[in-house]
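Me: Please go through this model with me, from the overall fold down to single residues. I will ask, and you answer with the reasoning first.

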Amino acid sequence: MATPSPSDVRPRTLTGRPAPVTRSQDTREARRQWVRSRTAAVEALGYEPRVAAALVAHYARETGWGRSEWNYALGNMRWRGTGLAFYQQGGDDPAPRPYRAFDSLEEGARAAVGHASAGRYAAGF
């Protein structure tokens, strides 16, 4: 059976922090701004600051402090059969594959929190 592919594929668009040209351009303040914006998006969904901080810490790890956040996909979730997608080859992907894409930070945060609070991750949430 063939693997389904997304019908609505978006171009890969950097929505986190711009990737710095040199290490000296990767400032602490740039990371703080990214963390504050993502924390505010999770808190706007009604989650306590400590829950938002834990989730954003995970997103920071997954995206290199936002340098590899594409299409508002907090945590770079893989596409699982529904919704918008973009293609990229992640570090553990043998070939480019679809990842979730969102039109806004709010949509990406809602999906990421939903993913973290359901299924195999629910017990840790």
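Me: What radius of gyration does the protein chain have, set against that of a compact globule with 125 residues?

Reply: This is a predicted model, in which local features need pLDDT of at least 70 and side-chain atom pairs count only at pLDDT 80 or more, while totals for chains, interfaces and linings use all residues. Residues are numbered from 1 along each chain as its sequence is written, and side-chain values use heavy atoms, without hydrogens and water. The radius of gyration is taken over C-alpha atoms, and the globule rule is 2.2 Å times the number of residues to the power 0.38. For 125 residues that rule gives a value near 14 Å, and the protein chain agrees with it at 15 Å.

Me: In what order do the helices and strands of the protein chain run?

Reply: Helices (H or I, at least four residues) and strands (E, at least two) are DSSP runs, numbered from the N terminus. The protein chain has 3 helices and 2 strands. From the N terminus on, the order is α-α-β-β-α.

Me: What share of the residues in the protein chain is buried?

Reply: Buried means under 20% relative accessible area, exposed over 50%, and partly exposed in between (1.4 Å probe, protein chains only). Of the 125 residues, the buried share is 34%.

Me: Why do the buried residues of α1 count as lying on the same side?

Reply: The buried residues of α1 are Trp-34, Arg-38, Thr-39, Ala-41 and Val-42. The arc is that of the directions from the helix axis to the C-beta atoms. These residues lie on the same side of α1 because they cover an arc of only 155°.

Me: Which helices are included in the cover over the buried residues of α1?

Reply: Contact means heavy atoms within 4.5 Å. By that criterion, the cover over the buried residues of α1 includes α2 and α3.

Me: Which element supplies the largest share of the largest nonpolar core?

Reply: A nonpolar core is a set of buried Ala, Val, Leu, Ile, Met, Phe, Trp, Tyr and Cys residues joined through side-chain atoms within 4.5 Å. The largest one has 23 residues, and Val-42, Leu-55, Tyr-59, Leu-74 and Phe-86 touch the most other members. At least two residues of this core come from each of α1, α2 and α3. The largest share, 6 residues, is that of α3.

Me: Which residues does Leu-74 contact, leaving aside neighbours within four places in sequence?

Reply: Leu-74 is one of the core residues that touch the most other members. With those sequence neighbours left aside, its contacts are Arg-38, Tyr-59, Glu-69, Leu-105, Gly-108, Ala-109 and Ala-112.

Me: Is Asn-76 buried or exposed?

Reply: Asn-76 is found in the loop between α2 and β1. Its phi is positive, about 50°, although Asn-76 is not a glycine. The relative accessibility of Asn-76 is 12%, so Asn-76 counts as buried.

Me: What relative accessible area does Tyr-72 have?

Reply: Tyr-72 lies in the loop between α2 (49–63) and β1 (85–88). Tyr-72 is not a glycine, yet has a positive phi of about 55°. Tyr-72 is partly exposed, with a relative accessible area of 25%.

Me: How far apart are the C-alpha atoms of Pro-49 and Thr-39?

Reply: Pro-49 lies in helix α2 and counts as exposed, at 53% relative accessibility. Thr-39 is among the buried residues of α1. Along the chain Pro-49 and Thr-39 are 10 residues apart, and their C-alpha atoms are separated by 7.6 Å.
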